[in-house]
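Dear colleague,

I am passing on a structure for you to look at, and below it I have set out what was found. Please read the notes with the coordinates open beside them.

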Amino acid sequence: MTTPVLQAIDLCRYFRRGKYEVRAVDGVTLAIEAGEFVSLVGASGCGKSTLLALLAGLDTPTSGHIEYLGASLGDMSRRQLAEYRAAQIGVVFQSFNLVPHRTALQNVELALYFSGFQRTERKRRAAHTLERLGMGDRLDHRPADLSGGEQQRVAIGRALVKEPQIVFADEPTGNLDQDHTMQIAELLKELNATGKTIVMVTHNLDLAQDCSSRLIRLDYGRISEASRT
Ligand SMILES: Nc1ncnc2c1ncn2[C@@H]1O[C@H](COP(=O)(O)OP(=O)(O)OP(=O)(O)O)[C@@H](O)[C@H]1O
Ligand SMILES: [Mg+2]
């Protein structure tokens, strides 16, 4: 058997709020093979974004661990972890996290800052990615001057421009109409067809069925169902 690209072993992430403890992720064990397209579904507050942040190395588990190609994220130095985030993964955040005073083009180009590409090449790649997302005529707009769906597409562009091995997308079509949802679905499927691994959080079951090869349902921080689509 090949080593999974990502593996979570008995992963827990608890948040303490005064005397209460929220068990956002509560004992998740899963393995994701290279080239898989996994959809994470479940009720609001069941821990999807928390799990995604852990897998992306953006948050540290309370207990349990995560392996990327057999190497434990917890054992990586700060620098190795930064490299993992910079080179291997792209994240589309539920709340976009765009830099407000930068244009759409600059927001996407920023993702290539540590890539080693010259500025002109960075700009060319960023513009090309945004054009593919139907944003070619919005390159010079700042986030405040874009609609929610357009901001979402910039956030997607920022994750894809590095051509990372794994794309984590948290509700990538949450603010999009049907047409744009289909466009993003096609783009993610295309990306997956080129061998990229995709982990997508969505409330849209049709989208999950259409795009992904596996559906994982979370319930109060635990996997309640895992099925092939
Ligand atoms: N930083 C935090 N501090 C305290 N509690 C948190 C924190 N982050 C998340 N939580 C709690 O953990 C639980 C899981 O949150 P999470 O954001 O992972 O849910 P979700 O499944 O992504 O929900 P949604 O579909 O609404 O985005 C929630 O009950 C939330 O209130
Ligand atoms: Mg969420």
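I begin with one residue pairing: Val 38 stands opposite Arg 214, which belongs to strand 9. Please keep in mind throughout that this is a predicted model. Strand 9 covers residues 214-219, runs parallel to strand 3 and is joined to strand 3 by 4 bridges. Strand 3, made up of residues 37-41, also has 4 bridges to strand 8 (residues 197-201), and these two strands likewise run parallel; here Phe 37 has Ile 198 in strand 8 as its bridge partner.

Strand 3 is mostly covered, in that 5 of its 5 residues are buried. Phe 37, Ser 39 and Val 41 point one way from the strand, while Val 38 and Leu 40 point the other way, and all of them are buried. As general background, side chains in a regular strand alternate between the two faces of the sheet.

Elsewhere in the chain there is an open sheet of 4 strands, which follow the order 2-1-4-5 with antiparallel pairing. Its edges are strand 2 (20-32) and strand 5 (71-72), and because each has a single partner strand, one side of each is left without a neighbour in the sheet. Helix 1 packs on this sheet, where it touches strand 1, strand 2 and strand 4 (63-68), and its direction makes about 125° with that of strand 1. Strand 1 itself (residues 6-17) pairs with strand 2 in the antiparallel sense over 10 bridges, and within that pairing Arg 16 has Glu 21 of strand 2 as its bridge partner.

Helix 1 also brings us to the metal. The magnesium ion (ligand 2) has Ser 49 (OG) and Gln 94 (OE1) as its protein donors, which lie 2.0 to 2.3 Å from the ion. These two residues link distant parts of the chain, being 45 residues apart: Ser 49 sits in helix 1 (residues 48-55), whereas Gln 94 sits in the loop between strand 6 (89-92) and helix 3 (104-110). Ser 49 counts as partly exposed because its relative accessibility is 30%, and Gln 94 also counts as partly exposed, with a relative accessibility of 44%.

A buried position in another helix may be of interest as well. Ile 156 is placed in helix 5 (residues 148-160), and with a relative accessible area of 1% it is buried, since the cut-off for that class is under 20%. Leaving aside residues up to four places away in sequence, Ile 156 touches Val 92, Leu 133, Pro 172, Ile 184 and Leu 187. The C-alpha atom of Ile 156 is separated by 8.8 Å from that of Gly 90, although the two residues are 66 residues apart along the chain.

Finally, how many disulfides does a search of the whole structure find? The search finds 0. For Cys 12, the closest cysteine sulfur is that of Cys 46, and as the two sulfur atoms are 15 Å apart, they are too far from each other for a bond, given that a disulfide requires a pair of cysteine sulfur atoms within 2.5 Å. Seen from Cys 46, the closest cysteine sulfur is in turn that of Cys 12. Cys 12 counts as buried at 7% relative accessibility, and Cys 46 is buried too, with a relative accessible area of 4%.

With kind regards

Methods:
Residues are numbered from 1 along each chain as its sequence is written. Chains are lettered from A and ligands numbered from 1 in the order in which they are written. This is a predicted model: local features need pLDDT of at least 70, side-chain atom pairs count only at pLDDT 80 or more; totals for chains, interfaces and linings use all residues. Side-chain values use heavy atoms; hydrogens and water are left out. Donors are N, O and S atoms within 2.8 Å of the metal (3.2 Å for Na, K and Ca); water is not among the atoms, so sites may look incomplete. Buried means under 20% relative accessible area, exposed over 50%, partly exposed in between (1.4 Å probe, protein chains only). Contact means heavy atoms within 4.5 Å. Two strands pair if DSSP finds at least two bridges between them. Axes are lines fitted to C-alpha atoms, for helices over the stretch in contact, and angles run from 0 to 180 degrees between N-to-C directions.
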